[in-house]
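Take a moment to look over the structure before reading on, and keep it in view while the paragraphs below lead from a whole chain to one of its strands and then to the contact between chains.

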Amino acid sequence: MDLSPIRLSLEVSVAATAVVTLLGTLVAGWRVRRRGVIFELLDGVFLLPLVLPPTVVGFLLLLMLGRASPIGEFIYQLGLRLVFSWNAAVIAAAVTTFPLMYMTARAALEQVDASLAEAARTLGAGEGRIFREILLPLAWPGLAAGMVLTFARALGDFGATLILAGNIPGRTQTLPLAIFFAVEAGDTQEAVRWSLVTVAISLAALGALNLWTRHRTGLAMRVVQQD
Amino acid sequence: MQNRRAMLAGMLAALIAAPFLARAQGTSGQITVAAAISMKDALEAIQAAYGARAGAPNITFSLGASGILQKQIEEGAPVDVFISAAPAQMNALEGKNLLLEGTRRDVAGNRLVLIVPSGSTTVKSLDDLKKPEVQHIAIGEIRAVPAGQYAAESLRNQNLFDALRGKFVYAQNVRAVLTYVAGRDADAGFVYETDAKSTDKVAIAVAMPASSYTPVAYPAAVIRSSQSAGAAKAFLEYLSSPEGRAILEKYGFTTPAK
């Protein structure tokens, strides 16, 4: 039995979670406490992948990054093959999960008492240091929740991955794709087997992630208390 | 007081019953045709031509992948006629005794072709697919998509399957193959001639040799539970009539082998 869907699902979800955690937190950190219509509109754009059906997200990504578009043709001329690649699977999962991380991170960062950052600033701390040493540790439980959501959703992505990364066994065929095509082919046994594997991975990974983030939460709290 | 209560009860009963009555009346001059989505354009033309005839029933289409339509019919979807893109789905319904005896027939055929993005000159023969510049070949998923089954059968018979399989991107339906090739993200792909003719963004590079794959057949039949079996049978007759055939051929379908 070819086990590549398991490996690919894990690789893609972990990579997408890493990318989205970084990007989502940075964008949320930049956006936090900024007021104005433009920022509200931007929020709408950031949320689109959550509102649109995943297949539509995948189709729009294909229109944007496929060779029929100027961007896609430029990428192609650079010698990069994006569509139908492992990277495409990560991009698809990252785009569909970004809103989850972004919204959770923004809410978490906004809840941090502004006077703490203010105090640090009067003591001469730079913005980068304030973000790293005050905002991040205090917002950590929220950020951790965002990471859990991101991983869970990335593991389950089907539509966007199918359209942008294609269905190539051993290269882009993740568990949800393997399940879909087993069902379509009428192979219920295989579909059930992959589904059980997916459930097992989800429970194990989410359990581990919860343990780790709780551990980190303890650490973060201690750091803040010591300071 | 008594009267008013009776009147209210009567009105309530009428309100509840109205949709059911309307539906019962509607079934006489109305048939629902569940058909493979690859026949969409041709069936709309059929509908326009057939609907113009006096006394023709009102035709409603439910278009989708043949496998999904098959499962819906098995679950009791109110369908009068089923047109499948491959015999397998029709065989499944026949095996479950869901077809009206004697109504099954092939209404159309199709040809399998290799398409490339229009303007592309890399691929002129099947052997060209082995070139290193050809990186991705889109093909319907072999177990689930009939067009993929026919393509795999043809390539195996020409001893090309194993040499090419590393380049395959397995699509969920034949229209996805068309999208990938039209957008130049796949260098080539296998679709039906009718799909290839639906857009000018792709060109037919090779017509697959007819002897290399099972003839593509579109079987149709009246569903046993149909409430308008007469109208459904008449519609099938029309599809096989010279007039119906001519419309199907205009959209690239061939006359069925049988």
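**A walk through chain B**

Chain B has 258 residues, and buried residues make up 42% of them. This is a predicted model, and in it the secondary structure of chain B comes to 10 helices and 10 strands. When the contacts in chain B with a separation of 6 or more are considered, 77% of them are between residues that stand 24 or more positions apart.

A good place to go further is strand β1 of chain B, which covers residues 30-36. Of its 7 residues, 6 are buried, so this strand is largely enclosed by the rest of the structure. Strand β1 of chain B pairs in the parallel sense with strand β2 of chain B, residues 58-64, over 7 bridges, and within this pairing A34(B) has S62(B) as its bridge partner. To get from β1(B) to β2(B), the chain passes through helix α2 of chain B, residues 40-51, and this β-α-β crossover is right-handed.

Strand β1 of chain B also runs parallel to strand β3 of chain B, residues 81-83, to which 3 bridges join it. Here the bridge partner of V33(B) is V81(B) in β3(B). When you follow such strands by eye, it helps to recall that in a regular strand the side chains alternate between the two faces of the sheet.

Finally, turn to the place where the two chains meet, where 14 residues of chain A are in contact with 12 residues of chain B. On the side of chain A that touches chain B, the residues divide into 8 nonpolar, 3 polar and 3 charged.

Methods: Residues are numbered from 1 along each chain as its sequence is written. Chains are lettered from A and ligands numbered from 1 in the order in which they are written. This is a predicted model: local features need pLDDT of at least 70, side-chain atom pairs count only at pLDDT 80 or more; totals for chains, interfaces and linings use all residues. Two residues are in contact if their C-beta atoms, placed from the backbone, lie within 7 Å. Ala, Val, Leu, Ile, Met, Phe, Trp, Tyr, Cys and Pro count as nonpolar, Asp, Glu, Lys and Arg as charged, and the others, Gly among them, as polar. Helices (H or I, at least four residues) and strands (E, at least two) are DSSP runs, numbered from the N terminus. A residue is buried if 20 or more other C-beta atoms lie within 10 Å of its own, exposed if 12 or fewer, and partly exposed in between; C-beta atoms are placed from the backbone. Two strands pair if DSSP finds at least two bridges between them. A crossover is right-handed if, with the strands pointing away from the viewer, the path from the first strand over the helix to the second runs clockwise.
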